[in-house]
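User: Please take a close look at a single helix in this model and at what surrounds it. I would like one connected account that goes from its burial to its neighbours.

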Amino acid sequence: MAGTRPATPQAMFTRIAPRYDAVNSLLTLGGDKRLRRRAVRALDLRPGAEVLDIAAGTAEIGAALAAVYPLRLSYVAVDLNEQMLAVAERKFARLRRKRPSNDWQLALGSAESLDFPSSSFDAAVMCFALDDMDDPAAALAETVRVLRADGRFLLIELAMPDSPLLRNLLRLRLRLIRGVAAIAGMDSVAHMTREVELDRGVEHTLARCENAGLELESTARHLGGLVRAHVFRKRKGL
């Protein structure tokens, strides 16, 4: 276990909201859009599927769904930060033109207390957010609650690569980024590099999801292991 990852304060999300997508692209070498598209394919959505994006931020998952699935979907992006949702709403204007048959919705709310009835969604997604929760266990419990029987949950998380060589190269790159960010006064970028370095490992992630009532279906590595995309099923009988 590498340590305890620092949760990102909401004030930082508010400041970085207009540049959030650009920062993600910087940290993932420009591959963040591509990896989201690859990840959402694993949900294997059917026409009319209802998808909840938890802690959705700027709703980049919605853009990935629109790019991958030509079928009709219902997509709800819920986030605690109004500035992130404001960026998402501007993105929705483009998505509504691209996929006019889809239902695109935004909701202000907490992942630990979702304002949706139980068994409301066919799929849920959480991207780069679980360690920012005040109570990750409660957020996972709420995710399970709102999923329908046999519903899928896609969890996308930053991680350190498996290869020692790649880990060392990534640490060097993160330190360089952090140094540039410090000079430029971009504390949000420095914070996100520390989050990556303090990754607690895939076993930690899988254990807390399984404890919440989720069964692992598949795991994919992206960007040399910097990002892991796990697909879970809601355990039968929950």
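Analyst: In helix α4, the residues Glu60, Ile61, Gly62, Ala64, Leu65, Ala66 and Val68 are buried, where buried means under 20% relative accessible area with a 1.4 Å probe and protein chains only. Because 7 of the 9 residues of α4 (residues 60-68) are buried, this helix is largely enclosed by the rest of the structure. The model is a predicted one, in which local features need pLDDT of at least 70 and side-chain atom pairs count only at pLDDT 80 or more, while totals for chains, interfaces and linings use all residues. Residues are numbered from 1 along each chain as its sequence is written, and side-chain values use heavy atoms, with hydrogens and water left out.

For the setting, the protein chain has 9 helices and 7 strands, which are DSSP runs numbered from the N terminus (helices H or I, at least four residues; strands E, at least two). Of its 238 residues, 52% count as buried.

One side of the surroundings of α4 is a sheet: α4 lies across β1 (49-54), β2 (73-79), β3, β4 (121-127) and β5, and runs at about 165° to β2, with axes taken as lines fitted to C-alpha atoms, for helices over the stretch in contact, and angles running from 0 to 180 degrees between N-to-C directions. Helix α5 (residues 82-98) also packs on the sheet, where it touches β2 and β3 and makes about 175° with the direction of β3. The sheet is open and mixed in its pairing, with 7 strands in the order β3-β2-β1-β4-β5-β7-β6; two strands pair if DSSP finds at least two bridges between them. Its edge strands, each pairing on one side only, are β3 (103-108) and β6 (214-222), and the twist averages 20° from one strand to the next.

The other neighbour to consider is helix α3 (residues 32-41), which packs with α4 at an angle of about 65°, their axes being 9 Å apart. That makes α3 roughly perpendicular to α4, a term for angles of 65 to 115 degrees. The crossing of α3 past α4 is right-handed, meaning that the near helix is turned clockwise from the far one by less than a right angle. In this packing, Lys33, Arg36, Arg37, Val40 and Arg41 of α3 meet Glu60, Ile61, Ala64, Leu65, Ala67 and Val68 of α4, a contact being heavy atoms within 4.5 Å.

Key:
Buried < 20%, exposed > 50% of the residue type's maximum accessible area, 1.4 Å probe, protein only. Parallel < 35°, antiparallel > 145°, perpendicular 65-115°, else oblique.
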